[in-house]
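Here's a quick briefing to read with the structure open beside you. Have a look at the fold first, then come back for the details.

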Amino acid sequence: MNGYEQGTVVLTKKRRSPLKLALAIVAAMIIAGLLWSGYVYWKMDRAASSVLNGPRDVGIVLGASMWGDAPSPGLKERLDEALKLYYEKKFSYMIVSGGLDKPGNQYTEAEGMRNYLVQHGVPESAVILENKARSTYENLLYSKQIMKERGFKSAVIVTHQYHGMRSKDIADFLDYEDPKLGLTESKTLQMKYHKPREVLAYTKWKVDELLLWLGWKKG
């Protein structure tokens, strides 16, 4: 083999090295992503309703989509769980949390939830509106502010089972006092869509949590 051929072989080997490194990085990222997703699914599936040995001050019903002027079937499931707990005297007041779902809607999520609860026998005086929130973090942040204003100390967070883990994680970050969960399984939502979406939402939350902790993002 002459010198020219030897140089070509060496050059080819050098050119292949960055490609191998890139492939190794991609493979490592895929493996890490799969492991992370599996871990989040495991945590998500372990979320369960809390044992409530005594009444709490308030139930916090986390908002979801409105269908026009009425709660969507998924949101009704959360509201029905809240009604069950309310009539079991697990709390005497409810904070319904959620802003305007779509610009053309007549009611915010909170107002739509209030209307549904009142239609099912809850006194309007027992339902407290939180009309600004656009995310789970804001649901719980603004609801905690209302709790402070009203002198409430303890809460049950009412949502779907797949959403419970992230909700509890956020409540702990916001220093809720021993937050409890009231969770319902969904018979209307497509879990093949919502669970993978929740993995992404939880991942985003963990990034946001870090940024908030570092002071690089306003809460």
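What follows covers the sheet, the helices packed on it, two loop residues and a surface patch. Keep in mind that this is a predicted model.

**The sheet**
- Start with the core layout: five strands make an open sheet, and they run in the order β5-β4-β1-β6-β7 with parallel pairing.
- The edges go to β5 (127-130) and β7, and since each has a single partner strand, one side of each is left without a neighbour in the sheet.
- Going from one strand to the next, the twist averages 25°.
- Out at the β7 end, β6 (residues 155-160) pairs with β7 in the parallel sense, and five bridges link the two.
- If you want one bridge to click on, Ile-157 has Leu-181 in β7 as its partner.

**Helices on the sheet**
- Helix α2 packs on the sheet and touches β1 (58-62), β4, β6 and β7.
- The direction of α2 makes about 145° with that of β6.
- Helix α3 (residues 109-119) packs on the sheet too, with β1, β4 and β5 as the strands it touches.
- For α3, the angle is taken against β4, and the two directions make about 145°.

**Two loop residues with positive phi**
- Lys-89 isn't a glycine, yet its phi is positive, near 65°.
- You'll find Lys-89 in the loop that runs between α2 (73-87) and β4 (93-97).
- Is Lys-89 buried or exposed? Its relative accessibility is 65%, and the cut-off for exposed is over 50%, so Lys-89 counts as exposed.
- Asp-178 is another non-glycine residue with a positive phi, this one near 50°.
- Look for Asp-178 in the loop between α5 (161-173) and β7 (180-184).
- With 46% relative accessibility, Asp-178 counts as partly exposed.

**A nonpolar patch on the surface**
- Which residues make the nonpolar surface patch? Leu-210, Trp-213, Leu-214 and Trp-216 do, and the patch comes to about 550 Å².
- Of these, Trp-216 sits in the segment after α6 (191-214).
- Trp-216 has 66% relative accessibility, so this residue counts as exposed.

Conventions
Residues are numbered from 1 along each chain as its sequence is written. This is a predicted model: local features need pLDDT of at least 70, side-chain atom pairs count only at pLDDT 80 or more; totals for chains, interfaces and linings use all residues. Side-chain values use heavy atoms; hydrogens and water are left out. Helices (H or I, at least four residues) and strands (E, at least two) are DSSP runs, numbered from the N terminus. Buried means under 20% relative accessible area, exposed over 50%, partly exposed in between (1.4 Å probe, protein chains only). Patches are made of residues with over 30% relative accessible area and no salt bridge: like charges are joined within 9 Å, nonpolar side chains (Val, Leu, Ile, Met, Phe, Trp, Tyr) within 5 Å. Accessible areas come from the Shrake-Rupley method with a 1.4 Å probe; for residues, only the protein chains shown count as cover. A salt bridge is a side-chain nitrogen of Lys or Arg within 4 Å of a carboxyl oxygen of Asp or Glu. Two strands pair if DSSP finds at least two bridges between them. Axes are lines fitted to C-alpha atoms, for helices over the stretch in contact, and angles run from 0 to 180 degrees between N-to-C directions. Contact means heavy atoms within 4.5 Å.
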